[in-house]
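Please examine the sequence and the structure shown below. The report that follows describes how the parts of this fold are arranged.

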Amino acid sequence: MTDSSPRTRTLGGTRVFPVGMGAMTLTQVPGYDEARAVRTVHAALDAGVTLFDTADVYGPAAGYGVNESMLAKALADHPGPVDHVVVATKGGHLRPGDQEWDVDGRPEHLRRACEDSLRRLGLEALPLYLHHRPDPKVPYAETMGGLRDLYEAGLIRRAGISNANPEQIRLAHGILGDTLVAVENEYSPGFRSSEPEIALCEELGLTFLAWGPFGGMRQAKGLGARYAAFEDVARERGVSTYQVVLAWQLHRSPVVVPIPGASRPESVRDSAAAAGLALSREELARLERDEA
């Protein structure tokens, strides 16, 4: 655990703002507000955010590409430059029904999914493409070979994996080499079991993208009530509990980039402000002890 929070992080040879934005919450509700979603992305850009995380299966409901298309529209509508933005999207998940989820790790599926994402995002090559979740029906090495093929075909610039354990990370690194730049796993005050993956990312020089940093959409509102130390530090500092959570993650390791979701401009501005919140060693020690 360090006691400082650098203002940029490394992702595959490029520098990104320390806090990314998870785009799923822009559309993952029935009847989402498109105009507000656009304002939220613009607020993120104006606050300095340069990494946006999406996926082909982010809804609402069944179907593919709703979230990717929304993000592409918002980026295209921004009056300022966006060529520095890294869009990370994912493939390998399926959503056959509104409440149904499945996986497909076959290389041929990843190829189709990648090409569809390129079309929706309007890009010649995806800045970062991640395999969304391991498929127990397909050998992981075969899936990683599919990711390597996408890179060699010029369809992706960088590769990543999500929801992967240390063994899978090492296997992926052995197959993809420097093409693999990121691991995206869950990490929050209530979900700290990704510590081994963070340590391995440090060892291999990979970026750890922390999804669900507030515990997920359903848990975020009650975050302070469940973790008193985080709430106490926030009150003492005059900031939100969410900022303290993100700052704690940034202090955990220089390879960590949290990607909190946001559906309102106010939320994304608050999250971005965490990049400037330096916590003391005493505060960090209090937060480390605060586990539900």
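Which residue in strand 9 does His131 stand opposite? The residue opposite His131 is Ile161. The model considered here is a predicted one.

## The sheet as a whole

The sheet is open and is built from eight strands, with parallel pairing and the order 3-4-5-8-9-10-11-12. Strand 3 (21-22) and strand 12 stand at the edges with a single partner strand each, so one side of each has no neighbour in the sheet. In general, the strands of a sheet pair through backbone hydrogen bonds, in either a parallel or an antiparallel manner.

## Strand 8 and its neighbours

Strand 8 covers residues 128-131; Leu128 and Leu130 point one way from it, Tyr129 and His131 point the other way, and all are buried. On one hand, strand 8 runs parallel to strand 5 (residues 86-91), to which four bridges join it. Within this pair, Leu128 of strand 8 has Ala88 opposite it.

Strand 8 is also joined to strand 9 (residues 159-162), again in parallel, by three bridges. Between strand 8 and strand 9 the chain passes through helix 5 (residues 140-152), and this β-α-β crossover is right-handed.

## Strand 11 and its neighbours

Is strand 11 mostly covered or mostly uncovered? Strand 11 comprises residues 207-211, and four of its five residues are buried, which leaves the strand mostly covered.

Strand 11 pairs with strand 10 (residues 180-186) in the parallel sense over five bridges. In this pairing, Phe208 of strand 11 is the bridge partner of Val183, and Trp211 of strand 11 stands opposite Glu186. A right-handed β-α-β unit is made by strand 10, helix 7 (residues 195-204) and strand 11.

Strand 11 further pairs with strand 12 (residues 256-258), in the parallel sense and over three bridges. Here Leu209 has Val257 in strand 12 as its bridge partner.

## A helix on the sheet

The edge position of strand 12, which has a single partner strand, can be considered together with a helix. Helix 10 (residues 241-252) packs on the sheet and touches both strand 11 and strand 12. The direction of helix 10 makes about 160° with that of strand 12.

## Cysteines

How many disulfides does the structure hold? The number of disulfides is zero. A disulfide is a covalent bond that links the sulfur atoms of two cysteines.

Cys114 has 0% relative accessibility and therefore counts as buried. Cys201 likewise counts as buried because its relative accessibility is 0%.

Methods. Residues are numbered from 1 along each chain as its sequence is written. This is a predicted model: local features need pLDDT of at least 70, side-chain atom pairs count only at pLDDT 80 or more; totals for chains, interfaces and linings use all residues. Side-chain values use heavy atoms; hydrogens and water are left out. Buried means under 20% relative accessible area, exposed over 50%, partly exposed in between (1.4 Å probe, protein chains only). Helices (H or I, at least four residues) and strands (E, at least two) are DSSP runs, numbered from the N terminus. Two strands pair if DSSP finds at least two bridges between them. A crossover is right-handed if, with the strands pointing away from the viewer, the path from the first strand over the helix to the second runs clockwise. A disulfide is a pair of cysteine sulfur atoms within 2.5 Å. Contact means heavy atoms within 4.5 Å. Axes are lines fitted to C-alpha atoms, for helices over the stretch in contact, and angles run from 0 to 180 degrees between N-to-C directions.
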